[in-house]
Amino acid sequence: MILLAAAMMVVTTATAQKINYPSTPKDDTVDDYFGVKVPDPYRWLENDTSAQTAQWVKAENAVTDAYLQSIPRRGALLARLKQVADYEKVGQPFFKHDRWFFSKNDGLQNQSVVYTMDALGAEPRVFLDPNKLSDDGTVALKGLSFSNNGKYVAYSISRSGSDWQEFYVLDSKTGRLLDDHVEWAKFSGAAWHGDGFYYSAYDAPVEGKEFSNINEGHKIYYHRIGTPQSADPLIFMNPTHPKRFYSVSVNKEETMMFLYESGEGAGNILYVRDLRVPGSQFIQMTSDMDNTYSVVGTVADRIFLYTNDGAPKAKVMAADIHRPGIANWQTVIGERDDVLEDVTLADGRMIVCYSKDASTHAYLFTLEGQQVREIELPSVGSASFGGDKDRKECFYTFTSFTVPGTIYRYDLDSGQSTLYAAPKVNFRLSDYTSEQVFFESKDGTRVPMFITYKKGMKRNGKNPVLIYGYGGFNIGLSPSFSATRMPFIERGGIYVMVNLRGGNEYGEEWHLAGTKMRKQNVFDDFIAATEWLIANKYTNSSKVAIQGGSNGGLLVGACMTQRPDLFKVAIPQVGVMDMLRYHRFTIGWNWASDYGTSEDSREMFEYLRGYSPLHNLRPGTAYPATLVTTADHDDRVVPAHSFKFAATLQECNAGPNPVLIRIDSKAGHGSGKPMAKVLEEQADIYGFIMHHLGMKF
């Protein structure tokens, strides 16, 4: 390997781009896949804790920062982003321990604050302020869990955006912080049982490899209040399957405990334990990981479940704790034409939400599965409900591309919705509109997308357009509001969101149509969406920017390498760029159900190599203006993906467009990022996009 410390002093001048990129040394690493030799010359960048990698990161950031700061009026754009983001954001109220709780952000607070009040409408007081947990807002609240006996509240935090969690405990009545502290938890809630809670954790990782090494050996422990973590008894582990995830939940009455086992398929295995029976063991309810089995809630001995087993668009079933095997389950609400996306128990009834063409439609049902009525929502958009099976109060949050998150109180008896809390933004929402259109993909599949723009937009083929997509892991995209889009849209930009295959917009079949040997369908959908927008005079290829994060970063990387002529700007964020090695880091192995791996077969290896963004960059090609983004604490999609992609892209690009990488510090995959960092990042991203699309700002 060439030593980076010596080589970093040399820079490569790319004359066409007029940017001096840091020289990135190569080594002679070559992998053998089924007899095929695949070079990986930037393998050394996978070592995220080495001095050489740190020096490379520093040099790349210096080039990127200088470029972004030189964009005219970047400072003015940041100022405008702060203005539009500076409005009060309130979360749904929920009832626990004889009080109401809710979260609120005054506008530009780095983290939202949790408040409590004695009754709805009463004077709120601060219960937990995450902004006081760090000086720079990089400690984020991941979750709250209230003990069923009313004594305690466990809260989990993450530091610098990492997936690693730590648990702390408060006295519920006084808010006093107790001595309890749990470390190295991951993908875990706190499932209370008596004066303690169950949680999922790994063994402490090797020092220096906390954010890159494969996570194996997920275990379930029980923490009793007032004892050290070292005394927590191990409740469950499965050494036969060290790469699987394990988590538990306990119902409110503490009569049943559920165990979820997942990680080797698109679904999970479900177990139940009757806590009323001394010495009881878990009973397996299901046996496959191809389908999803999720407990909605319990009523007496009855267990309500959400599943897509035998129902690609999902259904509601019920089991009895005394005969919990799936063979004895009863269908409560059968599969419908639309996709079942959520079920909430509320005051002895069920609120059932369906997705129809990527928008929410909600209904009230009895526990026997009889539909009472459709719940009238404000307009086309997304709604999420909150309720309690034993309380009449029910709330839902509604949002769309032109409606910020607005909370309504829903009367279960009368069917009336009453406005509870609406944000007051400092710009006119009535100036903007959104429409849904459908287009045909390469193979004739009908695909929906939403288009949002300022009223008065002319379809003259000259409008700047930003296209966003995801397309994977059964995750659907639905209408939602983001203030940070507004400066782009108010200056004539068109924001487009495409509902690609690979998501759950039309159920499990839609998901599977974008996985493994059919992953190319996702990229074809995105390319077809762009071509439709051009053909229908919304824009032209010199005015198109594309953006996506994580699996969406893969989407952007694949599309810009397959069709570099079609896009002017590309923003791949925290993307999966090396499809041959993704499964070798942290929890990457968990994505094999969607992607397959390069070790599965010669055919799967060839397919992955055929679209892997890193392996499809070609020397002498003119690529779009590209801003790759990642972060040093991203332990979901490790930054090595972006590092190697950016280094190769800078080497291959022969066109006039800049190709840069922005590497954030004390940040992760995106969750929990403080508002200050969010706005700085958005100013850089939108500044880069708007500058290269020729927009005035």
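## Asn 61 in helix α2

Asn 61 sits in helix α2, which spans residues 51-70. The model shown here is predicted. Asn 61 has a relative accessible area of 15%, so the residue counts as buried. Leaving out residues up to four places away in sequence, Asn 61 touches Ile 661, Arg 662 and Ile 663.

## Tyr 33 and helix α9

Tyr 33 belongs to strand β3. Tyr 33 is buried, because its relative accessibility is 8%. Its contacts beyond four places in sequence are Val 38, Leu 580, Arg 581, Ser 598 and Phe 605. Leu 580 is 547 residues away from Tyr 33 along the sequence. In space, the C-alpha atoms of Tyr 33 and Leu 580 are 9.3 Å apart.

Phe 605, a contact of Tyr 33, is one of the buried residues of helix α9 (residues 602-611). The others are Met 604, Leu 608 and Tyr 611. These buried residues cover an arc of only 145° around the axis, so they lie on the same side of α9. They pack against two strands, β3 (30-33) and β4 (36-39). They also pack against the helices α6, α7 (551-562) and α8 (592-595).

## Val 522 in helix α6

Helix α6 holds Val 522. At a relative accessible area of 1%, Val 522 is buried, because the cut-off for buried is under 20%. Apart from neighbours within four places in sequence, Val 522 is in contact with Tyr 470, Gly 471, Leu 500, Arg 501, Gly 514 and Leu 555. Arg 501 lies 21 residues from Val 522 along the chain. The C-alpha atoms of the two are separated by 5.4 Å.

## Thr 539 in the loop after α6

Thr 539 lies in the loop that runs between α6 (520-535) and β38 (544-549). Although it is a loop residue, Thr 539 counts as buried, at 2% relative accessibility. Its side chain reaches the backbone oxygen of Asn 463 at 2.6 Å.

Asn 463 is also among the residues that Thr 539 touches, when those up to four places away in sequence are not counted. Gly 461, Lys 462 and Val 465 are on that list too. So are Leu 533, Ile 534 and Val 544.

## Salt bridges

Side chains of opposite charge can pair when their charged atoms come close. The model has 47 salt bridges, with a side-chain nitrogen and a carboxyl oxygen within 4 Å as the rule. One of them joins Glu 680 and Arg 74, with the closest N and O atoms 2.9 Å apart. Glu 680 lies in helix α11 (residues 675-692) and Arg 74 in helix α3 (residues 74-85), so this pair ties together parts that are 606 residues apart in sequence. Is each partner buried or partly exposed? Glu 680 is partly exposed, at 32% relative accessibility. Arg 74 is buried, at 7%.

Lys 104 and Glu 88 also meet in a salt bridge, 3.7 Å from N to O. This pair links distant parts of the chain, 16 residues apart. Lys 104 is in strand β7 (residues 99-105), and Glu 88 is in the loop between α3 and β5 (89-90). Lys 104 is buried, with a relative accessible area of 17%. Glu 88 is partly exposed, with 41%.

Asp 565 and Arg 563 form another salt bridge, and their closest N and O atoms are 3.0 Å apart. Asp 565 is exposed, with a relative accessible area of 51%. Arg 563 is partly exposed, with 23%. Elsewhere, salt bridges with shared partners join seven residues into one network: Asp 31, Asp 40, Arg 43, Glu 46, Asp 578, Arg 581 and Lys 644. Arg 581 is also in contact with Tyr 33.

## The second largest pocket

The second largest pocket has a volume of about 1,400 Å³. Its lining consists of 39 residues. Which of them are closest to the centre of the pocket? They are Lys 96, Val 250, Lys 252, Val 296 and Gly 387.

Several strands each supply at least two residues of this lining. They are β6 (94-96), β10 (139-146), β14 (191-192), β18 (245-250), β19 (256-262), β22 (293-299) and β26 (339-346).

Methods:
Residues numbered from 1 in each chain as written. Predicted model: local features only at pLDDT ≥ 70, side-chain atom pairs only at ≥ 80, totals over all residues. Heavy atoms only, no water. Helix = DSSP H or I, 4+ residues; strand = E, 2+ residues; numbered from the N terminus. Buried < 20%, exposed > 50% of the residue type's maximum accessible area, 1.4 Å probe, protein only. Polar contact = N/O pair within 3.5 Å; in protein donor to acceptor, adjacent residues only side chain to side chain. Contact = heavy atoms within 4.5 Å. Arc of directions from axis to C-beta. 1 Å grid on protein atoms, 1.4 Å probe; cavity = no way out; pocket = protein on both sides within 12 Å on 5 of 7 lines; lining within 4 Å. Points joined across faces, edges and corners; volume = space filled by probe spheres on them.
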